Amino acid sequence: KSIAEYEGKSVFYAVRSKEAFRGKDLIIAGGGDSALDWTIALQPLVRSLTLIHRRDEFRAAPHSIDRMRQLVAEGKMKLVIGNLTDLKGANGQISAAILPTEEVAGDALLAFYGLTMKPGPVAGFGLDMKDGLVVVNTENFETSTPGVFAIGDINWYPGKLKLILSGFHEAALMAQKAFRYVH
């Protein structure tokens, strides 16, 4: 079954309105800041909440991890360690998340999976790489191949910070150089 059947109906990747989850049996999948922040924020509104993560280690702020564990200890939510492998449901409405060892009942799923930085086919483009990332000139974010640029988390340069703000800065400088190529 395709997940597309459920997207926007009972499977979501962002919270547009907290009220949309009031009274739901909510499943949140993920282990980063977004997953834990929404776990904490939505827990008081939902009928039940289950957090699913592939391991019992989280990449989130320590106070968020502590609060989530406190909610679990108080019986206000459930934590399930495992990989979500499938969904059960019909007509765009989920009824459960399927894991190799169990089914988790729920009528809404928030998926907050991060991205793994892998260059994929870019690795074969002949660009200079360092630790799987594309090396760029910080003056204009051009790669070792003239006219090819890399901005955001895929690039590498000394002092690189993986922040959205850094990506905006990189995009502005890259756009100026690309404009000069085009015009």
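Let's start in the loop between β10 (133-135) and β11, where phenylalanine 141 is found. This is a predicted model, so keep that in mind throughout. Phenylalanine 141 is not a glycine, yet its phi is positive, about 65°. Is phenylalanine 141 buried or exposed? Its relative accessibility is 1%, so it counts as buried. The cut-off for buried is under 20%.

Now a second residue with positive phi. Asparagine 91 has phi near 50°, and again this is a residue other than glycine. Where does asparagine 91 sit? Its place is the loop between β5 and β6. Asparagine 91 has 77% relative accessibility, so it counts as exposed. The cut-off there is over 50%. So phenylalanine 141 is buried at 1%, whereas asparagine 91 is exposed at 77%.

Stay with that loop. It belongs to a hairpin: β5 and β6 are connected with two residues between them, and asparagine 91 is in the turn. The hairpin is part of an open sheet of three strands, in the order β5-β6-β7, with antiparallel pairing. Which strands are at the edges? They are β5 (86-90) and β7 (103-105), and each pairs on one side only. From one strand to the next, the twist averages 30°.

Pair by pair, then. β5 and β6 (residues 93-98) run antiparallel and are joined by five bridges. Lysine 88 has alanine 96 in β6 as its bridge partner. Aspartate 86 has isoleucine 98 in β6 as its partner. On to the next pair. β6 and β7 also run antiparallel, joined by three bridges. Here isoleucine 98 stands opposite glutamate 103 in β7. So isoleucine 98 is the bridge partner of aspartate 86 and also stands opposite glutamate 103. The hairpin from β6 to β7 goes through four residues.

Next, strand β2. How many of the residues in β2 (residues 25-29) are buried? Five of its five, so the strand is mostly covered. Both faces are covered. Asp25, Ile27 and Ala29 are on one side, with Leu26 and Ile28 on the other.

β2 has parallel neighbours. Five bridges join β2 to β3 (residues 48-53), running parallel. In that pair, aspartate 25 stands opposite serine 48 in β3. How does the chain get from β2 to β3? It crosses through helix α1 (residues 33-42), and this β-α-β crossover is right-handed. β2 is also joined to β8 (residues 108-111) by four bridges, again parallel. There, isoleucine 27 has leucine 109 as its bridge partner.

Last element: helix α3, residues 164-182. It has 19 residues. From first C-alpha to last it reaches 26 Å, close to the 27 Å expected at 1.5 Å a residue. Which residues of α3 are buried? Ser166, Gly167, Glu170 and Met174. Why do they line one face of the helix? Because, seen down the axis of α3, the buried residues fall within an arc of 85°. The general background is simple: an α-helix has 3.6 residues a turn, so residues three or four places apart point the same way.

What covers those buried residues? The cover includes β11 (155-156). And the face turned away from the buried side? That face of α3 carries the exposed residues Leu165, Phe168, Phe179 and Arg180.

To close, back to the two positive phi values: about 65° at phenylalanine 141, and near 50° at asparagine 91.

Notes
Residues are numbered from 1 along each chain as its sequence is written. This is a predicted model: local features need pLDDT of at least 70, side-chain atom pairs count only at pLDDT 80 or more; totals for chains, interfaces and linings use all residues. Side-chain values use heavy atoms; hydrogens and water are left out. The expected span of a helix is 1.5 Å times one less than its number of residues. Buried means under 20% relative accessible area, exposed over 50%, partly exposed in between (1.4 Å probe, protein chains only). The arc is that of the directions from the helix axis to the C-beta atoms. Contact means heavy atoms within 4.5 Å. Two strands pair if DSSP finds at least two bridges between them. Axes are lines fitted to C-alpha atoms, for helices over the stretch in contact, and angles run from 0 to 180 degrees between N-to-C directions. A crossover is right-handed if, with the strands pointing away from the viewer, the path from the first strand over the helix to the second runs clockwise.
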